[in-house]
Amino acid sequence: MAAASSSFSISNTSYLASGGGVPSRRLRASATAVAVSTLAPQQQKTIAISASPSTAALNRASARAKAASPPLACMWREIQGSDDWEDLVEPLNPILRQEIVRYGEFVAACYKAFDLDPASKRYLNCKYGKSRMLREVGMEGSGYRITKYIYATPDISIPTQAGTCCGRWIGYVAVSDDEEVKRLGRRDVLVSFRGTVTNTEWIANFMSSLEPARLDPHDPRPDVKVESGFLSLYTSNDSSCKFGSGSCREQLLAEVSRLVNLYKDEELSITLAGHSMGSSLALLLGYDLAELGLNRDGGSREVPITVYSFGGPRVGNLGFKQRCEDLGVKVLRVANVNDPVTKLPGVFLNENSRFLGGRYELPWSCSCYAHVGVELALDFFKVKNPACVHDLDAYIGLLKCPKMAAQMKKGGSDLITRAIDFVCNQKLDAWQWQEAARQVGNLMQLLRI
């Protein structure tokens, strides 16, 4: 009986070392605990002493808890992190859980629509037009309308497929329709990013060196540093790309600014969601919008910016973390404790290695990578398929249905497997491998391969 109840436990919230401001918080939950957390305390106790609670009982209890909860429209600011998700992650609030899943599915739509067929005219771009993309991936009733596709390429000099441009479809901008506004309590501007797939993106991931972001020309803030590969992907421009014009950054700033101005007389929110590398782009965009003041709706009112990160790596240093907090950018990081990507870059130099003995600040602390925001830590692993620890479908499945997450899509291949297969099929000439090799070594150590 003790063993049965242990799978339902949620540890106390622990606080990670931070560079000041609001400390990063971590909630660690097992697959079953995520589901049980939607119930009232007395219901949790009843289920915890049951060896095998029925699915029907869980569904009934979840429905009762949902009915007793205030509607999303009444608490959307708290759900978007206005109070840093205080009292919402332990236990996991059912409305917050639904919103995390919903935004995760918007990110998953990027993968479903991404064309990996070399024979296709849309190879490495979106398979569908904006007006029908969500319908084609099974999200016709999502309540959002896509307004723009986003393309990106890192500034990396390596050979790519002949006859094609480097710029690849990286995600999309969407806005909630009038009916969805009623449910949400505001007009939501959404930007969704996929993770790493192409060869240049994989290389950008391994460019693990910090450099000043310098996104505000009037106040460059040299102490605010970010990973060079992510910054390159965000800011580089490929004039040969036939689908998009301007850098990823230029496309995003123009479209989000247009929508904020268009709906300036309404309650607004800006939500940025991404998986893996995409979560890095989401955080860079959130910081960029806030730093430039583009989240102001024509007056003094600021539109809240929220980042939902799934399996995201560290993006910048402690100065970047502090600046994001000062600007009010809210970040909820959903991370599997067994996912090595969430531990990169900065395996050794990170927010936990800033002080010696918890007292003495080390001279290289300014070069330490640091996670931003509040962490919701999940815990899942499959011995026969270790790559599943980073798969977005596994993340979403765990939050939606613990039993489904435990099975981990027996018949399907996950994103990591597909992406690695894709990269292995590319022909790359000689280039600077040193940094990439070091990062691959770190990754293998974390995976214990």
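# Cysteines, cores and strands

Visitor: Let's start with cysteine 74: does it count as buried or exposed?
Guide: Buried means under 20% relative accessible area, exposed over 50%, and partly exposed in between (1.4 Å probe, protein chains only). At 61% relative accessibility, cysteine 74 counts as exposed.

Visitor: Before we go on, what pLDDT do local features need in this predicted model?
Guide: pLDDT is the predictor's confidence in each residue, from 0 to 100. Residues are numbered from 1 along each chain as its sequence is written, and side-chain values use heavy atoms, leaving out hydrogens and water. In this predicted model, totals for chains, interfaces and linings use all residues, side-chain atom pairs count only at pLDDT 80 or more, and local features need a pLDDT of at least 70.

Visitor: What is the mean pLDDT of the protein?
Guide: A pLDDT of 70 or more is reached by 62% of the residues. Averaged over the protein, the pLDDT is 76.

Visitor: And how many contacts does the stretch 404-420 have beyond near neighbours in sequence?
Guide: Contact means heavy atoms within 4.5 Å. The pLDDT over residues 404-420 is below 50. Beyond near neighbours in sequence, the number of contacts this stretch has in the model is 26.

Visitor: Back to cysteines: which one has the sulfur nearest to that of cysteine 126?
Guide: A disulfide is a pair of cysteine sulfur atoms within 2.5 Å, and a search of the whole structure finds zero of them. Cysteine 126 is in no disulfide, and the nearest cysteine sulfur is 8.2 Å away. That sulfur belongs to cysteine 110.

Visitor: Is cysteine 126 buried or exposed?
Guide: Its relative accessible area is 1%. That makes cysteine 126 buried.

Visitor: Which helix gives the most to the largest nonpolar core?
Guide: A nonpolar core is a set of buried Ala, Val, Leu, Ile, Met, Phe, Trp, Tyr and Cys residues joined through side-chain atoms within 4.5 Å. The largest one has 54 residues, and those with the most contacts inside it include Leu96, Met133 and Tyr172. With 12 residues, spanning 94-113 as a helix, the top contributor is α6.

Visitor: Tyr172 sounds busy; which residue does tyrosine 172 stand opposite in β5?
Guide: Helices (H or I, at least four residues) and strands (E, at least two) are DSSP runs, numbered from the N terminus. Two strands pair if DSSP finds at least two bridges between them, and β4 and β5 (residues 187-193) pair in the antiparallel sense over five bridges. Tyrosine 172 touches Phe106, Met133 and Leu190, among others. In β5, tyrosine 172 stands opposite serine 192.

Visitor: In β4, what is the bridge partner of isoleucine 146?
Guide: Strand β4 covers residues 168-176, and nine of its nine residues are buried. Strand β3 (residues 144-152) runs antiparallel to β4, joined to it by eight bridges. In β4, isoleucine 146 has as its bridge partner alanine 174.

Visitor: One more strand: how far apart in space are glutamate 211 and serine 228, C-alpha to C-alpha?
Guide: Glutamate 211 lies in strand β6 (residues 210-212) and counts as partly exposed, at 33% relative accessibility. Serine 228 is one of the residues that glutamate 211 touches, and so are Val224 and Leu231. The two are 17 residues apart in sequence, but C-alpha to C-alpha they are apart by 5.9 Å.

Conventions: Lists of a residue's contacts leave out its neighbours within four places in sequence.
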